[in-house]
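Colleague: Could you walk me through some of the strand pairing and one of the pockets here? I'd like to see the model first.

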Amino acid sequence: MADQRTIWPFHGGLHLDDHKALSTGQPLQRLPMPRRLILPLQQHIGHRAEPAVQVGERVKKGQLVANAVDFVSAPLHAPTSGTIVEIGDRPIPHPSGLTDACIVIEADGEDAWADLPEPLPDFRAHSSAHLRERIRWAGIVGLGGAAFPTAVKVNTSGQRPIESLIINAAECEPYITCDDTLMHERAADIIDGIGILRHLVDARECLIGIEDNKPGAAASLRQAIAQRDRQDIEIVVVPSVYPSGGEKQLIQLLTGKAVPSHGLPSAVGVLCQNVATAAAVADAVLRGRPLIERIVTVTGQGVGQPGNFVVPLGTPADVLIQHAGGYTDRVHELILGGPMMGFGLRDDRVPITKGTNCLLAASRDEAPQAEPERPCIRCGQCAEVCPAQLLPQQLFWYARARDFDKVQDYHLFDCIECGCCAYVCPAHIPLVHYYRFAKTEIWAQERDREKSDLARRRHEARQARLERLERQRKARLRKKKEALENKSGASDAVDPKKAAIEAAMQRAAAKKAAQQAAPPNKTSPKISPGERP
């Protein structure tokens, strides 16, 4: 468990003011249950969940309200008891500001629990498939921001054996402290969840990567490790360099392994999970509880009382802001997430989702107005700080030119959108915006291509079906014709009785013809009396 381990620095990165003390001065608070909760059906990577309830139906806390419809999907559960009052489009937390399908629950104030699955305290006695199904039922996704379904991520069958289970406790982005608070408040649950995850993937070692600006959180984890007697879990303190919490960057820091381009960590024998995800796994397996709440940081100079709050999923952001002291006169922009990777919200009534870790009510000093974009001067600073070792200039030029084939040649999808390149750009080019645009366009083209391929396959299948039916029809006609010909041929066979009749008729016809053809008889003429000579 000693912290003496080789650290393998990654390329680039930035040293940023973390501003974390702004939200850690107050103890963790639990938000009172809002009157209404709004649950978007798309809170995860993968296929959207489908409603399992109807308008007017009463539900209880923890009850399934939306089903996962595909392997890469996640269900939703009611964060409290109440009535389904609406299923329809509502504003969602997305850079586009668009609406999407949501389930709206009006709380009844009772907060009554539904019947939950039996806890599995002796989880080692259960199969990996059973534990994965429990995690899937609970709707757990990556709570570090990616929101990838956890049950899918821990399904490593058929892959390279996992050598290292890495728990991401870095929380590298400025202002965000929800994971830091979680490690102080629920360190034992995190360690329990790590034990379940390690059992699932049968990892040889387990490493917790945490930045050196969180000594209190690291101490809490060490104490929990000692209490649980889990000396096989190692805490590794890494330098506070943004973005050390990026999955590939943290793997590089702790193991020295480089995840290949377009590859997954499993390709190098590594599985990475967030500390909040580990705590949620403990809740699902050891207590039978689904994911219905999470810790959210509310911070920035634009909010009255910054802090961390346990928030029911579906809580409108404006309700949470109001509970945190409301907006101050310095508020300039409300950002979902941190200042580097977050995005501005156009509507503060959007709900808190599984992937929401922070609401940053930023002042003009914290989120200054973007300066006018100027031409690239080819200084190369963007390439120097890029943690993915990409060439941001080339990505920018080809994205702007809409040359999406070329931009992929420069590994666009290896970009983690950390914003380091835009942060240092002296020309103030919003580089990440160009990369997001290119990714969106490529995904749209891919969807169109898939639709086109599907239409082509359907057309080919229809043509093949019509041709098959035509061949079957012709085959039936051919068989019918052959049957008629066989029947006609059978009727033409010689019947003795008919042959005798036919022969007799022929003889009679021949005799009659012969009689008609014979000359008259030559007899004496008849002489009447008186005519004698």
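Modeller: Sure, starting with a bridge: in S5, Pro 51 has Ala 66 as its bridge partner. Bear in mind that this is a predicted model, where local features need pLDDT of at least 70, side-chain atom pairs count only at pLDDT 80 or more, and totals for chains, interfaces and linings use all residues. Residues are numbered from 1 along each chain as its sequence is written, and side-chain values use heavy atoms, with hydrogens and water left out.

Colleague: How many bridges join S3 to strand S5?

Modeller: Strands here are DSSP runs (E, at least two residues; helices are H or I, at least four), numbered from the N terminus. Two strands pair if DSSP finds at least two bridges between them. S3 and S5 (residues 64–67) run antiparallel, and the bridges joining them number 2.

Colleague: Which strands stand at the edges of that sheet?

Modeller: The sheet is open and antiparallel, in the order S3-S5-S6. Each edge strand has a single partner, so one side of each lacks a neighbour in the sheet: these are S3 (50–51) and S6 (76–77).

Colleague: Which residue stands opposite Arg 36 in S8?

Modeller: S2 (residues 36–40) pairs with S8 (residues 99–107) in the antiparallel sense over 5 bridges. Opposite Arg 36 you'll find Glu 106.

Colleague: What is the bridge partner of Ile 87 in S8?

Modeller: S7 (residues 82–91) also runs antiparallel to S8, joined by 9 bridges. For Ile 87, the partner is Ile 103.
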